[in-house]
Amino acid sequence: MKVWKPDLSLEVKSLIQSVFIFESDTNEKQNLPFYADGFPGLVFFHSENPVTVYVGSESKVMDPVFVYGQTIEPIRIQMEGPFFFVMAQLFPAVVEESLGIPVVELTNSCFTIPQSDWIEEPNFELSIEKFSSSLAMDALMTFIMKKGRKFRPDPILHICIEEILEEKGNCEIGKLSKKLGLSERTLQRRFRNYVGLTPKQFSSIIRFQSSLNELNGEIKSKLTDIAYVSGYADQSHFIRQFKSFTKQKPFRFREKI
């Protein structure tokens, strides 16, 4: 299976955080694991076989275009090739503003986008006909950019998200709310309605992602060092939070990489 992350233009990055492409030209069955990353997203895939999303004990067979929400629980997507699978991570409010789906209803869930909403974009059908992941990416991004033409981010909450990302989740929410000129309670409410998570939950996810990147890095750092670099109070705090998002302890997770 090939996996890559294409570069995005500044215009596209106003709505889309990043794009990942997974492609296989064999008949092998693949299981793609996904963990909390702080962003909902939109997917376009093509496969002759069913594509199933597993969240905990629940499973759902998906249609070719679907939107997914914030993932707190680990998610596994099972596919059997040949297939292409294009995933665009969106800034949180884009889902509700552009697709009309309340972001708070999407947490740990996914909704199908009706074919009538996307079939008029010619590259969707052409990418299936030619089995082209690059055309699939173009189709998905064109669809998102058209849907998001009227999207305008909340400037205060956008600054809040950017600061949490820049600090890799190591922010004190009380200090951040004062910096933004909001009470902590107001920030909690507005942030949850905008992102689908509280600022504390979002920060925890971004810190977890930082530790996951360290764990997956070429340099096999000690867990104590990863905990320190990622901003955890101690190793036990790191292990506890890592397990809450992956259902595995970090050293067990590393053994399977």
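How many salt bridges does the structure hold? The count is 6, and three of them are taken up below, after which the note turns to the sheet, the backbone, the cavity and the pocket. The model is a predicted one, and the points that follow should be read with that in view.

1. The pair formed by glutamate 73 and lysine 247 is a salt bridge in which the closest N and O atoms are 3.5 Å apart. This pair links distant parts of the chain, 174 residues apart, with glutamate 73 placed in the loop between S7 and S8 and lysine 247 in the loop between helix H10 (235-246) and helix H11 (250-255). Glutamate 73 has a relative accessibility of 29% and therefore counts as partly exposed, and lysine 247, with a relative accessible area of 46%, is partly exposed as well.

2. A further salt bridge brings together the side chains of glutamate 163 and lysine 179, at 2.9 Å from N to O. Here glutamate 163 belongs to helix H5 (residues 155-166) and lysine 179 to helix H6 (residues 173-179), and the two are 16 residues apart, a pair that links distant parts of the chain. Lysine 179 has a relative accessible area of 59%, so this residue counts as exposed.

3. The salt bridge between the side chains of glutamate 255 and arginine 252, at 3.3 Å from N to O, lies within a single element, since both residues are in helix H11, 3 residues apart, or about one turn of the helix. Why do the two partners fall into separate exposure classes, given that exposed means over 50% relative accessible area? Glutamate 255 is at 55% relative accessibility and therefore counts as exposed, whereas arginine 252 is at 46% and so counts as partly exposed. As a general matter, side chains of opposite charge can pair when their charged atoms come close.

4. An open sheet is formed by 4 strands in the order S3-S8-S5-S6, with antiparallel pairing. Its edge strands are S3 and strand S6 (58-61), each of which pairs on one side only. Neighbouring strands of this sheet are turned against each other by 20° on average, with direction ignored. Within the sheet, S5 and S8 run antiparallel and are joined by 4 bridges, and valine 53 has isoleucine 77 of S8 as its bridge partner. In general, the strands of a sheet pair through backbone hydrogen bonds, either parallel or antiparallel.

5. Three places in the backbone deserve a look. The peptide bond that runs from glycine 81 to proline 82 is cis, with omega near -5°, and proline 82 is located in the loop between S8 and S9. Asparagine 108, a residue other than glycine, has a positive phi near 55°; this residue is found in the loop between H1 and strand S10 (110-112), and its relative accessibility of 26% makes it partly exposed. Phenylalanine 131 likewise has a positive phi, near 50°, in a residue other than glycine; its place is the loop between helix H3 (122-130) and H4, and at 26% relative accessibility phenylalanine 131 counts as partly exposed.

6. A search of the whole structure for cavities of 30 Å³ or more finds 1, and the largest cavity has a volume of about 40 Å³. Its lining is made up of Leu42, Leu90, Val94, Val95, Ser98, Leu99, Phe143, Ile144 and Lys147. Helix H1 (92-99) and helix H4 (133-147) each supply at least two of the lining residues, and the largest share, 4 residues, comes from H1. By character, the lining divides into 7 nonpolar residues, 1 polar and 1 charged.

7. The largest pocket has a volume of about 1200 Å³ and is lined by 38 residues, of which Pro33, Phe34, Tyr35, Gln209 and Leu212 lie nearest its centre. Among the elements that give two or more residues to this lining are strand S2 (16-24), strand S3 (29-34), strand S9 (83-90) and helix H8 (199-216). Helix H8 provides the largest share, 6 residues. The lining of the pocket divides into 22 nonpolar, 11 polar and 5 charged residues.

Conventions:
Residues numbered from 1 in each chain as written. Predicted model: local features only at pLDDT ≥ 70, side-chain atom pairs only at ≥ 80, totals over all residues. Heavy atoms only, no water. 1 Å grid on protein atoms, 1.4 Å probe; cavity = no way out; pocket = protein on both sides within 12 Å on 5 of 7 lines; lining within 4 Å. Points joined across faces, edges and corners; volume = space filled by probe spheres on them. Nonpolar A, V, L, I, M, F, W, Y, C, P; charged D, E, K, R; others polar. Buried < 20%, exposed > 50% of the residue type's maximum accessible area, 1.4 Å probe, protein only. Pairing = 2+ DSSP bridges. Axes fitted to C-alpha atoms, helices over the stretch in contact; angles between N-to-C directions. Salt bridge = Lys/Arg side-chain N within 4 Å of Asp/Glu carboxyl O.
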